[in-house]
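Got the viewer open? Here is a short tour, stop by stop, with something to select at each one.

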Amino acid sequence: MDIDLITNILYATVRTGTPLILVALGEMVCEKSGVLNLGQEGMLLMGAVVGFMAAVTTGSLFVAVLLAIVAGILMSLLFGFLSITLVSNQVATGLALTIFGAGLSAFLGSSYVGVGITGIEPMSIPFLSEIPIIGKIFFQQDPLVYLSFILFGVVFWIFKSSRIGLQIRAVGENPEAANAMGINVHKVRYMAVIFGGAMTGLAGGYLSLAYTPLWAEGMSAGRGWIALALVVFASWKAERIMLGAYLFGAASIMHLVMQGLGFEVAPNLLAMLPYVATIAVLVLLSSNHMKTKLSAPMSLGTPYRPQV
Amino acid sequence: MKSLKTLVTALTLSATVMAQAADNVKVGFVYVGPTGDAGWTYSHDEARKYVVDQLGDKVETSYVESVAEGADAERVIRNLAAKGHDLIFTTSFGYMNPTLKVAKRFPNVKFEHATGYKQSKNVGTYMARAYQARYLTGLVAGKMTKSNVIGYVASFPIPEVIRGINAFTKGVREVNPDATVKVVWVSTWYDPAKEREAAETLILQKADVLTQHTDSAAVIQTAEAKGIYAIGYHSDMSAYGSTAHLTSAVHDWRPIYLAKTKAVLNDTWTKEDIWYGIKEGVTDIAPLNDAIPADVKAMVLAKKAALKAGTIRVFDGPIKDQSGVEKVAKGASLSDGDLKGFGWYVEGVDGKLPKS
């Protein structure tokens, strides 16, 4: 394999991993606060359809991205209201949100099928994009990819060294104790859920505005679920989510490239590669059972009822 | 007085409806994807709407979309049958056994299964000779390529898909013996992002005309963005790339759905194994892009007319396989049975056929 080909593969890898990173980082924050939101797929589709509709009607891609984020936030508020305020079962509510989002997005988007738009184009960053190899791989992408780098930094910093990160973790580990310390559990959980919704809405916008600038029903094709699994396998660590998402992306691209190069492996086996490789690596990383157990939020999935 | 008249009219009307109960059919459709996929399911739903337009209140249709192939399909089909549908179209290969199973329990309901090969007393099958349109689009691709590499994004190595690849390649090689067709399998019917990545991979390997046998328009869009040509499938995909889109191989299920619904209305339905193509208008090509030179357009349309008249067939010999061995002699042609079980590549396809 020549260096050009490898560069091209890695370039495509970053693009493929981006929607997974956005969804998984958002869900990680949400889960750290003790809330399990299985509605990612539905929120992703809502972000995609609203973003696309906005791009067609307003003609502004910037507005489109903003509205995709708003759509994700609105969906997450609905989830938050049901699961935090009304203390409903998080698993059931999340699944309902996925079904609801898939249906509503199909309904909203039905007259936008077959409409073409000019999507978000790649934008080279001056100087950085001229670094050999690295520049091509990371700095000739589209603006939303750069945004994913920044958001990774933000999430990483939140849990590494910020007060709010500690509060989120406290709420996710032991809400009663956090409450006793004077943390408003519901407020923190709402904020985490909304952050997750915004991230997933953004990822939806990435799909329908940048990755494949079109709207088709169910176009997320299960990426919300893959991101959910990624959070667990990455044992709630932002850097491992990043690694896992790119690994998954690289393996998906390899599945296609290897066929072109004439490797005689059944494509169905190659199609398994992303899943197998990602799970294998992340399981190896988290082979220390005790440590993994510590990183899982203790009260994940348990609704919090304030004591009266 | 007026209200009395209305009442009488209403009564007479309802009486008429009662008497003509047999003149009203309920038709159900089971779709594998969403109706908004701009591909396979979309083409079926267009035909359903056409039947409603044509037959008005003589027909009542309902559909269930995104039904997974397997256990769930049987439940959905049984539900439709139990709800009093007279005719049920099940529009994906994987519905074959569920359809047969339900048909056994509802002997008075007629079933039509798309792309399958098993019939029974009240189950007929229908399919489109899409490969004829594939061949015509192959002629276009062969003429339009400059790099002599044509990319083909494919779903799963089953006979239907392989037949399309072979027909397309046959068209390509007929007008351009130096060109080859490169195939990339994505192992899914529908995932726009993955289809795009497959298209990009093919472009990296010098392909300058792309086509696909998957359900979204992502390949066309990628071609448009990269400034190369593409050929769509299932429905006219020109909206996704007016410059890139040369033509599409399209299905038009309207003739079949209308005829079958009418047959049930008139009580003349019989089980058949239908394989319609260009001749019956069930398979066609979308309008040709103006980027295609006039003489090429004329040639393609002449070939289409010849297919329609039956003077040529797509798989007329001589046909060689990839290793150069002659599989079909000059003067012979592949039978429908051969076509339905296609398991090898014709000469001109680059790459090895994976075992499915």
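## Stop one: a methionine in a loop

Select Met237(B): its relative accessible area is 1%, so this residue counts as buried. Keep in mind that what you're looking at is a predicted model. Now, where along the fold of chain B does Met237(B) sit? Show the cartoon and find the loop that runs from strand 9 (229–234) to strand 10 (245–251) of chain B; Met237(B) is in there. Next, add Ile220(B) to the selection and draw a distance between the two C-alpha atoms: you should get 7.4 Å, for a pair 17 residues apart along the chain.

## Zoom out to chain B

Colour chain B by secondary structure and you'll have eleven helices and 15 strands to look through. How far does the C-alpha trace of chain B span along its principal axes? About 80 × 40 × 40 Å. The radius of gyration of chain B is 22 Å, which agrees with the value near 21 Å for a compact globule, because that is what the rule gives for 356 residues.

Colour by burial next: 55% of the 356 residues in chain B count as buried. If you prefer a contact map, take the contacts in chain B with a separation of 6 or more; 64% of them come from residues 24 or more positions apart.

Switch on the surface. Chain B has an accessible surface of about 14,900 Å², and carbon and sulfur atoms own 53% of that. For charges, pick out the 43 positive and 39 negative side chains of chain B; the centres of these two sets are 3 Å apart.

## Split chain B in two

Make two selections from the domain assignment: 21–128 for domain 1 of chain B, and 130–251 + 284–350 for domain 2. How many residues does each domain bring to the contact between them? Domain 1 of chain B supplies eight and domain 2 of chain B supplies eleven. Put a marker at the C-alpha centre of each domain of chain B, and the separation reads 29 Å.

## Three backbone stops

Time to look at torsions.

- **Gly317(B) to Pro318(B).** Check omega here: the value is about 0 degrees, and the peptide bond is cis. Pro318(B) belongs to the loop linking helix 10 (294–309) and strand 13 (319–320) of chain B.
- **Lys206(B).** This one isn't a glycine, yet its phi is positive, near 80 degrees. Look for it in the loop between helix 7 (192–204) and strand 8 (209–213) of chain B. Is Lys206(B) buried or exposed? With a relative accessibility of 57%, Lys206(B) is exposed, because the cut-off for that label is over 50%.
- **Asp267(B).** Here is another non-glycine with positive phi, about 60 degrees. The loop to select joins helix 9 (254–265) to strand 11 (273–276) of chain B. Asp267(B) has a relative accessibility of 68%, so it counts as exposed too.

## Last stop: over to chain A

Hop across to chain A and select helix 1 (residues 3–32), then pick Thr7(A) within it. Thr7(A) comes out as buried, because its relative accessibility is 7% and the label applies under 20%. Which residues does Thr7(A) touch, leaving out those up to four places away in sequence? Show Ile133(A), Lys136(A) and Ile137(A) as sticks, and you have the contacts of Thr7(A) on screen.

Definitions and conventions: Residues numbered from 1 in each chain as written. Chains lettered and ligands numbered in written order. Predicted model: local features only at pLDDT ≥ 70, side-chain atom pairs only at ≥ 80, totals over all residues. Heavy atoms only, no water. Helix = DSSP H or I, 4+ residues; strand = E, 2+ residues; numbered from the N terminus. Buried < 20%, exposed > 50% of the residue type's maximum accessible area, 1.4 Å probe, protein only. Rg over C-alpha atoms; globule rule 2.2 N^0.38 Å. Contact = heavy atoms within 4.5 Å. Areas by Shrake-Rupley, 256 points an atom, 1.4 Å probe, with all protein chains shown as cover. Lys, Arg positive; Asp, Glu negative; His and termini not counted. Charge placed at Lys NZ, Arg CZ, Asp CG, Glu CD. Domains from an automatic or database assignment.
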